[in-house]
Amino acid sequence: MIVHLKESVDQETATDLAKESDSIVLKNGQQTILITPSKLKELPLNLEEFAEDFFVTDSDIQLASKSYRSDIREIALDDVKFGGNTNNTVVIAGPCSVESVEQIDQCAENLTKLNLKILRGGCFKPRTSPYSFQGMGLEGLKILAKAREEYGLKIATEVRDHSHVEQVIEYADIIQIGAKSMYDHGILKACAKTTKPILLKRGFGSTIQEFVQCAEFILSGGNPNVILCERGIRTFENKSRFTLDLCGVAYLKEHINLPIILDPSHAMGVSYGVPDLARACMAMNIDGLLIEMHPNPKVAKSDAAQQLDIDQFNDLFESIEPIASVFGKHLI
Ligand code: PEP
Ligand code: MN
């Protein structure tokens with residue numbers, strides 16, 4: 001249950017009430033909120049005089065639930081807005097890994113040409129092998145920061161573990177938590193302490209419930225700006241790298257108040273399937289897409305098979321514009 005306390009309730013009383021009811025206290029501007037265990041279905045007597053309003057939730061999906069807020073949250077990065085009532089579908093694109101200034105420049109130039117606003121690129125890569133490229137680290141973050149300055153783009157980059165989380169939070173406009181790091185509580189805690197948007201990817205072995213509960217750690221820790229990203233889950237099927245869970249997306253749209261973006265690149269794992277999948281994603285009227293794009297995918301240091309080259313990306317872009325317009329949306 002989520003309880004909005006009356007404005008007259010001071011911090012000390014709120015803390016005492018939280019202790020009595022095994023709750024978390026969350027301060028949201030002027031509003032003080034208690035989040036009790038979700039099994040509570042009726043307002044306890046001792047909270048009655050302090051409560052202004054309360055919301056019953058089905059499960060430990062609480063702050064992210066539409067039982068709490070029926071609208072999709074708007075998450076704004078200046079003029080780039082996810083969710084809410086915007087008529088935007090945000091296309092985040094760029095290479096899997098930042099590899100050089102030239103590579104990032106070529107990607108940034110292309111995004112600018114298409115009037116897209118968010119450049120992605122990983123600098124701390126969570127690889128499946130210790131012998132693969134692990135990312136450029138801080139040097140990569142500096143390359144992204146330079147592109148932000150030169151092209152006026154926003155930067156999305158991922159954090160692999162808590163050792164560099166503060167550095168990523170400092171440099172990035174959007175902090176991506178990768179599928180393999182979804183459950184890293186050091187990262188989740190650090191991401192709760194900023195208000196920068198967090199792009200939380202679904203762990204490929206996680207249920208929707210587990211995925212959204214990870215978002216709850218960030219939300220209940222004080223950061224209301226979480227964007228969910230479905231990027232495919234592991235199933236028995238092995239002809240594609242993962243299986244993009246569009247049913248899960250339909251569930252999220254119905255029950256969850258966070259913006260949703262889809263990543264067909266990592267789901268498919270091979271470039272030929274990405275454009276068709278991207279169009280299928282767009283047909284679900286989602287808040288954004290994440291696509292891997294590289295000036296020369298053949299030489300990419302990570303995820304080479306799935307990245308689109310610039311021409312392929314531009315063709316995809318052109319083909320999804322009319323789908324966005326069916327929903328009265330435009331791509332940014
Ligand atoms: C990525 O975005 O490059 C990435 C590593 O994605 P995921 O965490 O979904 O595997
Ligand atoms: Mn990748």
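I started with what surrounds ligand 1: Cys 96, Arg 120, Lys 125, Glu 158, Gln 176, Gly 178, Ala 179, Lys 201, Arg 231, His 266 and Glu 292 (a heavy atom within 4 Å counts as near). This is a predicted model, where local features need pLDDT of at least 70 and side-chain atom pairs 80 or more, while totals for chains, interfaces and linings use all residues. Residues are numbered from 1 along each chain, ligands from 1 in the order written, and side-chain values use heavy atoms, without hydrogens and water.

Next, polar contacts (N or O pairs within 3.5 Å). I found ligand 1 oxygen atoms at 2.7 Å from a polar side-chain atom of Arg 120, 2.9 Å from one of Lys 125 and 3.0 Å from one of His 266. The protein covers 95% of the 300 Å² that ligand 1 exposes on its own (Shrake-Rupley, 1.4 Å probe).

Then the metal. I have the manganese ion (ligand 2) with protein donors Cys 96 (SG), His 266 (NE2), Glu 292 (OE) and Asp 303 (OD) at 2.1 to 2.3 Å; donors are N, O and S atoms within 2.8 Å, or 3.2 Å for Na, K and Ca, and with water absent sites may look incomplete. The spacing along the chain reads C-x169-H-x25-E-x10-D. His 266 is in helix H9 and Asp 303 in the loop between strand E14 and helix H11, so this pair ties together parts 37 residues apart in sequence (DSSP runs, helices of at least four residues, strands of at least two).

How values were computed: Polar contact = N/O pair within 3.5 Å; in protein donor to acceptor, adjacent residues only side chain to side chain.
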